Amino acid sequence: MTKGALALLITGGTENWSPPRWRERFTAVCPERAVALLPADYVDPAAVRYAAVWKPPPGGLKIFPNLAAIFNLGAGVDALIADPSLPDVPIVRVADEDLTGRMTEYVVLHVLLHHRQQRTIDARQRERRWDPPAQRAAGALRVGVMGLGVLGRDAADALRRIGFDVAGWSRTRKALPGIATFAGQEELAAFLTRTDVLVCLLPLTLATKGILNRRTFSLLARDGVLGGPVVINAGRGGLQVESDLLATLDDGTLAAATLDVFENEPLPAESPFWSHPKVTVSPHNAADTDPDAISIYVAQQIARHERGEALQNVVDRRLGY
Ligand code: NDP
Ligand code: OXD
């Protein structure tokens, strides 16, 4: 009996993260199954049981009458579930140690860049200036992680192990060793007022849209060792109100920001963020989903499903993540 086909609907990409590369990897890990990269390849829509997607065109999935599951080739599903015609089948998102490790690298890198004042040291190097800035113990810096999910928990724990004074905030209560935890809107202010460096790893949902705004920034600690609060956003651009970010960087409410994600991506060439002296920009590459690792993750999920076991990391469409 032939196995149901796997359709790939993948927008965008870079050299290692290209639709043909995903097809090559899925063909290797699902040798018994037809793998079709749309729209280039032909597949009978009725033969398709699974779809692996990244930002598929709206309406692109409703043509498959026998679809059993959708695999989102990333952790965040905001773009996918914005499509009102999405078939009513389980959506599995990426929650995998390869992706988690990449995000933790990014968070640790950028917290350390601020903590060790690397931008100041770089500027002094350009001036041939031997002038070491003050150095403090990691424990003097209060880092607050918004979002204690798969990514936030791992990043918070890595920061804790380095010695930072770490807290986290989530929708539901968490208990994490060595990390002060806060939950829900009613504890947001208490979380923010003890935070020098705010790391945002929230999903973009109706409840979190625009949460990085002037009010949030104005609640952050102002008595910290960095001389002002710092924001690091690697969640989604829609979490931040960019006009508030710029205004609060300019009026001194914020000392600095590291931004991996933006309201409009790619970040337009005319955006003031590119050249802002207090901003570090990265091109939404805090954590790439690796085709080698994630094709195996999807193949394992399909195998679970076909053995009659529950799919893992299924999105709650009502919550939006
Ligand atoms: P998870 O779903 O595992 O975790 C989400 C966390 O956010 C949970 O702790 C959840 O709380 C919390 N949360 C959700 N809504 C609220 C709310 N209204 N108030 C407070 N907390 C809330 O997601 P991941 O950790 O896997 O990924 C997080 C996001 O990171 C993704 O959605 C994606 O947008 C982004 N991302 C960005 C990448 C990049 O390269 N820049 C790469 C990968 C992901 P609770 O635990 O109580 O449910
Ligand atoms: C993701 C991303 O959500 O790369 O995985 O942004």
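Helices (H or I, at least four residues) and strands (E, at least two) are DSSP runs, numbered from the N terminus. This is a predicted model, in which local features need pLDDT of at least 70, side-chain atom pairs count only at pLDDT 80 or more, and totals for chains, interfaces and linings use all residues. Residues are numbered from 1 along each chain as its sequence is written, chains are lettered from A and ligands numbered from 1 in the order in which they are written, and side-chain values use heavy atoms, with hydrogens and water left out.

**View 1. Arginine 160 in helix H5.** Helix H5 spans 150-162. Arginine 160 counts as partly exposed, because its relative accessibility is 28%. (Buried means under 20% relative accessible area, exposed over 50%, partly exposed in between, with a 1.4 Å probe and protein chains only.) From arginine 160 to proline 268 the C-alpha to C-alpha distance is 36 Å, with the two positions 108 residues apart in sequence.

**View 2. An open sheet of 5 strands.** The strand order is E2-E1-E3-E4-E5, and the pairing is parallel. (Two strands pair if DSSP finds at least two bridges between them.) Strand E2 (33-38) and strand E5 (91-92) are at the edges; each has a single partner strand, so one side of each lacks a neighbour in the sheet. Strand E3 (residues 48-54) and strand E4 (residues 69-72) run parallel and are joined by 4 bridges. Alanine 51 faces isoleucine 70 of E4.

**View 3. Stacked rings in helix H1.** The structure has 7 aromatic pairs. One of them is the stacked pair of tryptophan 22 and phenylalanine 26, 5.8 Å centre to centre with 25° between the planes. (Rings of Phe, Tyr and Trp, the last by its six-membered ring, pair if their centres lie within 6.5 Å; planes under 30 degrees apart count as stacked, over 60 as edge-to-face and the rest as tilted.) Both residues belong to helix H1 (residues 19-29), 4 residues apart, or about one turn of the helix. Tryptophan 22 and phenylalanine 26 are buried. Ring pairs also link Trp17, Trp22, Phe26 and Trp54 into a cluster.

**View 4. Tryptophan 169 and phenylalanine 191, a stacked pair.** The ring centres of tryptophan 169 and phenylalanine 191 are 6.5 Å apart and the planes meet at 20°, so the pair counts as stacked. It connects distant parts of the chain: tryptophan 169 is in strand E7 (residues 165-170) and phenylalanine 191 in helix H6 (residues 188-193), 22 residues apart. Tryptophan 169 and phenylalanine 191 are both buried. In E7, 5 of 6 residues are buried. Strand E6 (residues 142-146) runs parallel to E7, with 5 bridges between them. Methionine 146 has tryptophan 169 as its bridge partner in E7.

**View 5. The surroundings of ligand 1.** There are 28 residues around ligand 1, and Arg93, Thr172, Lys174, Asp260 and Tyr321 come nearest. (A residue is near a molecule or strand if one of its heavy atoms lies within 4 Å of it.) Helix H5 and E7 each give at least two residues to the shell. By class, this shell has 15 nonpolar, 8 polar and 5 charged residues. (Ala, Val, Leu, Ile, Met, Phe, Trp, Tyr, Cys and Pro count as nonpolar, Asp, Glu, Lys and Arg as charged, and the others, Gly among them, as polar.) A polar backbone atom of glycine 149 lies 3.0 Å from an oxygen atom of ligand 1. A polar backbone atom of arginine 171 lies 2.9 Å from a nitrogen atom of the ligand. An N or O atom in the side chain of lysine 174 is 2.7 Å from a ligand 1 oxygen. On its own, ligand 1 has 940 Å² of accessible area, and the protein covers 92% of this. (Accessible areas come from the Shrake-Rupley method with a 1.4 Å probe; for residues, only the protein chains shown count as cover.)

**View 6. The surroundings of ligand 2.** Trp54, Gly74, Ala75, Gly76, Arg236, His284 and Ala287 are the residues around ligand 2. Oxygen atoms of the ligand lie 2.7 Å from a polar side-chain atom of arginine 236 and 2.6 Å from a polar side-chain atom of histidine 284. The protein covers 86% of the 210 Å² of accessible area that ligand 2 has on its own. Histidine 284 sits in the loop between E12 and helix H9 (291-306). Its phi is near 40°, a positive value in a residue other than glycine.

Note on methods. Polar contact = N/O pair within 3.5 Å; in protein donor to acceptor, adjacent residues only side chain to side chain.
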